[in-house]
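Have a look at the model below and turn it around a few times. We'll start with a few single residues and then step back to whole chains.

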Amino acid sequence: MRELVETYFRERSIVNHHIASYNDFLPTLDHPNSRMQKIVDNVRASPDESYRGVIRLDPDRTEGKIIEIRLGRKRDEKTGLVDSNARPTISVGRPVIKEANGATHALYPMEGRLRNLNYSAPIYLEFTVVEDGIEREPEKVHIGSLPVMVKSKKCNLHRDNLDLDREPTDEELEKFLAMMGEDLCDPGGYFIIGGTERALISLEDLAPNRVMVELNERYGTSLHVAKVFSQKEGYRALTLMEKKKDGVLVVSVPAASGQIPLIVLMKALGMESDEEIYRAIVSDPQMANIVYANIEECQNKKLYPPNGIFTTEDAILYLERKFATGQAKEYRAKKVESIIDRSLLPHLGDTPDVRLKKAIFLGRVAKTILEMELGKRKEDDKDHYANKRLKLAGDLMEDLFRVALTNLIKDLKYQLERGYTRKKGLRISSAIRPDLLTHRLLHAFATGNWVGGRAGVSQLLDRTSNMSALSHLRRVTSPLTRSQPHFEARDLHPTQWGRLCPNETPEGQNCGLVKNCALIVDVSEGTDEKEIIWLLRDLGVREVSEHQTTETRVYTNGDLIGLHDKPRELVEEIRQRRRSGLLSSEVNIRFDLNMNEIIINCDEGRLRRPLLVVRNGSTLLTRKHLEEMHSAKAKWSDLIREGVVEWVDAEEEEDSYIAPMAYNPPEECEHCNKVLSVMDVDWRNPGEVGKVSLECKSCGGLMQTESLLMEDHTHLETDPMVILGVCSAVVPYPEHNSSPRVTMGSGMAKQSLGLSSSNYRIRPDTRSHVLHYPQKPLVTTKPMEFVSFDRRPAGQNFVVAILSYQGYNMEDAVIMNKSSVERALGRSTFMRTYRAEERRYPGGQEDHFEIPSPDVRGARADLSYSSLGEDGLISPETRVEGGDVLIGKTSPPRFLEEEADFLTPQKRRETSVTVRPGEKGWVDSVMLTESENGSRLVKVKVRDERTPELGDKFASRHGQKGVVGLLVDQQDMPFTEDGVVPDLLINPHAVPSRMTVAHVLEMIGGKVGSMEGRIIDGTPFSGEREEALRAALVENGFKHNGKEVMYDGITGRMIEAEIFIGVIYYQKLHHMVSGKLHVRSRGPVQILTRQPTEGRSRQGGLRFGEMERDCLIGHGAAMVIRDRLLDESDGTLQYVCGNSNCGHIAILDRRGSFRCPVCGNNSKIYQVQTSYAFKLLLDELLSLGVVMRLQLEDLK
Amino acid sequence: MKIDVLEMTPTKAELVISDTNPTFVNAIRRTIVADVPKMAINNVEFHLGPIMDESNKAYESISPLFDEIVSHRLSLVPIPTDLEQFNFRSECSCGGEGCPSCTIMYSLNKKGPCTVYSGDLEPVGSEHLKIKDDLIPIVKLAEDQALLVYATAELGRGKDHAKWQATVGAGYRYAADIEIENGKCDAGCSCAEICPKDVLVKDGRKLKAEHPEKCNLCNSCVEMCEVEAIKVTGNPSKLNFRFETDGSMAAKDVLLKGLSILEERFEQLREQLSALE
């Protein structure tokens, strides 16, 4: 149902997940309980402190005064809890820039991009000092700057931040955005750091705080292992429990080496009674023996001297001995305390009062293992999406900010304690170092190295085309290493249906690990689970006393809450409450009949998808809803609130029966005989049971058809196309293609050139491309509207004929019409921005933009600077080529002490910026501005027109890529009777084995579209039918199969075979010959080895490697080897001391006489030809104290 | 050889040439596409720096499109061409310097906000050189943007660049010989339905090729007919030839010029051959 998809995108943007997540992180007036505030409430200067949100200064350092500084919100004295609606203490301003001269003004993204600034806003925190119990006035202090996500609530471009006294209209907003130099289609959702746009990549991780059991095949025996990834406030710990071969259950805790027997640990946690332990574990009489054996094991005096372990003291003593042997008593106690309180299952708490809870939890873990061993439970599926959580921009910011803030607070405490004097009192604003926080945040953003050792979290936003940017913002990566196989993790899992795109993943080493979100997804933000627990208690869920029960166990967020005897009713009740809005729509619930468990989730990071609710064989959606959607009045949030549509996570989906569609439309309209596609009919009676009544959209006739919704269906799919990601969804008719081709097609959409943004003339991207005449495809898909592909297209509609032409399109080459190319087909512009700054150096010296005078060291000939203005800058529209100077710049000498002569000033160095070798173009624009630290900054953009040439890469949207093999004059190309000459010829062999049927279909569609002057709908699963397109071809005077009679342009004769010809959307990919072409005859060499440099960017040579050398040896081509390896590489003439007991390298000194610098010999010096690398080896060995003497002899 | 002119308008021509062969007509097609000269803008000079208007207001000499795109767009504008009047620049008496008998100068001066059209090109000199197709959009200028260019058109050939192609959509087809074996035909007439050009018509109980001249040899009917009652063959001695021009020259002039070029070539060949003896 496309109306639903339209309704969704009317309300939410394509990168809504990132922006919503970041907004949840930001403290704003309407969001007092933000994640940032929660971090502040719970911040601790060091992990051993028990109080949170407060700094307590050491009284020894404050002359005995008891000073507390409160940063978080005030806690209730009795419960120690924070009122979640209390006024926040942390606040974030709007993005500003502080100039070097001290002035500040509001910063807008474009200025950030142009001036290499950080788009960040100041963070203020209220500190309340409590001195000896007396509370002072709160002090609001600037604690650092926070990178602001573009288009988030704090962004200056956000609708609410326009500084109008009313809500701006859409036109006003657009006008404002245009005035600020923004692209109206820009989705936001990224950050601007140092002028570059950075996207935070969503991370996929295993769900924390759940018990996962698995079977480890090790040394031929299978081990039953249970794992718990505990996670609380960024602290992660993995607790592992396994059953050893002898039946002993042991636990591994991080920070404690070795394994602890489970029973010992439970006793140490305060569960002394064996009966209690038994009850905490056993759920089936069959397990009893194993548990008995485990308990008895602990009582073994030999294993656990002196008397075995019976009490908590015994157990703790055992742990002390195990982990801190021979230490002092206090230290031992502290060590064990830290293990059981902080390292073990930290998600349950880190204070001694939750120990019993941990013991019960451990009992449950043991129970799970034993259940699996007894075959009552299956191994948990780690790749099931119910066991995965996503970390979005907000979650990542949370992790980063927590660490940065803790650092800041630690430093603040230290500064306050160090500088405290009674006279001066406390001055927080002078003791705090905001740069500490700011740099920490910015450094992580700039390098991508996040807290927790994750690299590549922030990436440079891919602006090749609009699609690549959107796809980049919807990317999900897995932390699994790419080198290991991980076959299961790479496979498409059934639970990814509708959540992650089945096709959009890279090929090669990252295949299946890097994924992309499907079109409509929602990542849960999490609600308070306490509410649910209260509700469950109200609904009759009772506490667990023992596990041996037939009642259904109820879990919320992986925690066992209690038991219930009527699971179906309970689940139904909770679902009803959610659908009627009594319960948050974030909650998902599932009844697992096999395990007799109810699983409720309300945590964050669950990837959810929307489904239409079906009850008793009909949807809750009615005709009224549909009509409201048609007239654009309906709102997605209302549909959710009414319970017509609901967000379902992978867990709840296991408990659902989902109909893929409500009806199959009849093949043809009964009234007008039109071939019907899904889009040609209108559903008249949704929400009604029985037959489906359909209206033909072209003739208005009514038809009846069978409903596919059955009594036991719980949901109906919204629209099949939403299972695809943004890049696969722009492939028309993907359901007709073989799957790998769709994957390749979506991969190539990200490399295609088009109009990546409308502000391309002012954007200072280092590299960017723009296609000259981008066109909207003739065969479109519905999702293109939502990703604004029709406004930011990347490709052109080519007339393509499938035939060979003198063999120049063999092996995926393509032949292009030269005249089409001359009419600007596939023409693009490449732009590169060069930048230079007048840096300041310590000692007061600085760089200068100027034409370097001839006495500057390394100055070029005057001619090189001829196109520069007096200010050292080139002017726009100047033709430049590789090596030409764009910015004349001189720098102070590198080493100040270089020349001892004090009378003559030292020579400055020439550090001009030149055009990259091999590139050319016109200077497009020259921007002169000031950087953040007040020095002049210049950016020169050079553009180069790129007309298609031999070797440029083109691709259709179906993974059919090829390089240009020949450009043919129009008169030589085959033509049809109408004089239509194709733009492109592809080889017939490209189609059958690849099974890209949609490619053929699109060509037919394009042909119909161009004849009828309309856009063809090729939406996945619901596009215009093939039969309809074929009929339209005949109507327009073409043969029904798209083939035409063609005539050879050279001989003029009719081509015997009929040629398939049509119009299809082709993309120009950014792999162009001009960016790869590379030759070298002579060129630069490396300084150290004097061998040719490597790589195109350094005009390097192509390596003549070992195997190539072997080949020449095989041929006996000695002179060729000498030529390649010596003469054309690092061959050198060296003078060698002929003194047989010296044999060092001699020199030819300034006066022209030979001399051995080692032995002083100056008569027996010989010239020897060798590779410089050999001479280097001699020198390096010398430095090691090894002398290699060269003993010379005459050739015999 | 017999020629029927079906259509001959200033921009379009359709002829039926009988008693010929495709090689011959193809030679004409190739000649009018690649060899018939026409005028097109070959040199565009942009004014850089601020552009002043009468009230001394300064405009920036910039547009949303790059200069090379603007000049490329200008180059594709059809320039009215009178082949009698112009010589090739390299062969002109001026020695390639550019003179009124080999080049046309156009000036274009427009200030934003506006759309610049091909009609804004003002010929320097005679007014009849004004662009006929005057509503081809060149570029849209925003506030404070202006375009001031001098463009020079000269004569060129289609084989050198597509901008010098006067002819578009030049193509021909073989005439069709349609044989219907009435004995075999069961008059199911699904062939008449599938025929995209409506060549076949059901005439009572019989199938009739009513418009054989429309047939493009697509063979749909032959493939459709299960009883193999239809046979369609192309006749390479009779061709339906048609082409259009871009408006810079009349279709007839293009054709005549094309023929004279061919004639000239054969003349040269003849001369050289006779010189052999």
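Leaving aside residues up to four places away in sequence, R994(A) touches S738(A), R741(A), D812(A) and Q960(A). Keep in mind that this is a predicted model. Where does R994(A) sit? Look in the loop between strand 50 and helix 25 of chain A. One of its neighbours deserves a second look: the side chains of R994(A) and D812(A) are joined by a polar contact of 2.7 Å.

Now slide along to T996(A), which is also placed in the loop between strand 50 (984-986) and helix 25 (997-1012) of chain A. Is T996(A) buried or exposed? It's buried, because its relative accessible area is 0%, and the cut-off for buried is under 20%. Its contacts, again without residues up to four places away in sequence, are N737(A), R741(A), H958(A), Q960(A) and V991(A). Which of these has a side chain in polar contact with that of T996(A)? That's Q960(A), at 2.9 Å. You may recognise two names here: R741(A) and Q960(A) are on the contact list of R994(A) and on that of T996(A) as well.

For another loop, find G1095(A), which lies between strand 54 (1059-1068) and helix 27 (1106-1115) of chain A. Here the relative accessible area is 29%, so G1095(A) counts as partly exposed. Beyond residues up to four places away in sequence, G1095(A) touches H1078(A) and G1100(A). Take H1078(A): it is 17 residues from G1095(A) along the chain, and the C-alpha atoms of the two are separated by 9.3 Å.

Time to zoom out. Chain A contains 29 helices and 58 strands. Its radius of gyration is 36 Å, close to the 33 Å that the globule rule gives for 1196 residues, so chain A is as compact as a globular protein of that length. Of those 1196 residues, 55% count as buried.

Chain B is built from five helices and 14 strands. Why is chain B called more spread out than a compact globule? Its radius of gyration is 26 Å, well over the 19 Å that the globule rule gives for 277 residues. Within chain B, 47% of the 277 residues count as buried.

Here are some whole-chain values side by side:

| Chain | Box along the principal axes | Exposed area | Share from carbon and sulfur |
|---|---|---|---|
| Chain A | roughly 100 × 95 × 75 Å | about 53300 Å² | 51% |
| Chain B | roughly 85 × 65 × 25 Å | about 13900 Å² | 50% |

What about contacts along each chain? Take the contacts in chain A with a separation of 6 or more: residues 24 or more positions apart account for 68% of them. In chain B, residues 24 or more positions apart account for 70% of the contacts with a separation of 6 or more.

Finally, the charges. How many positive and negative side chains does chain A have? There are 162 positive and 177 negative ones, and the centres of the two sets lie 5 Å apart. Chain B has 31 positive and 44 negative charges, whose mean positions are 5 Å apart.

Methods
Residues are numbered from 1 along each chain as its sequence is written. Chains are lettered from A and ligands numbered from 1 in the order in which they are written. This is a predicted model: local features need pLDDT of at least 70, side-chain atom pairs count only at pLDDT 80 or more; totals for chains, interfaces and linings use all residues. Side-chain values use heavy atoms; hydrogens and water are left out. Helices (H or I, at least four residues) and strands (E, at least two) are DSSP runs, numbered from the N terminus. Buried means under 20% relative accessible area, exposed over 50%, partly exposed in between (1.4 Å probe, protein chains only). A polar contact is a pair of N or O atoms within 3.5 Å; within protein, one must be able to donate a hydrogen and the other to accept it, and residues adjacent in sequence count only if both atoms are side-chain atoms. Contact means heavy atoms within 4.5 Å. The radius of gyration is taken over C-alpha atoms; the globule rule is 2.2 Å times the number of residues to the power 0.38. Accessible areas come from the Shrake-Rupley method with a 1.4 Å probe; for residues, only the protein chains shown count as cover. Lys and Arg count as positive and Asp and Glu as negative; His and the chain ends are not counted. The place of a charge is taken as NZ of Lys, CZ of Arg, CG of Asp or CD of Glu.
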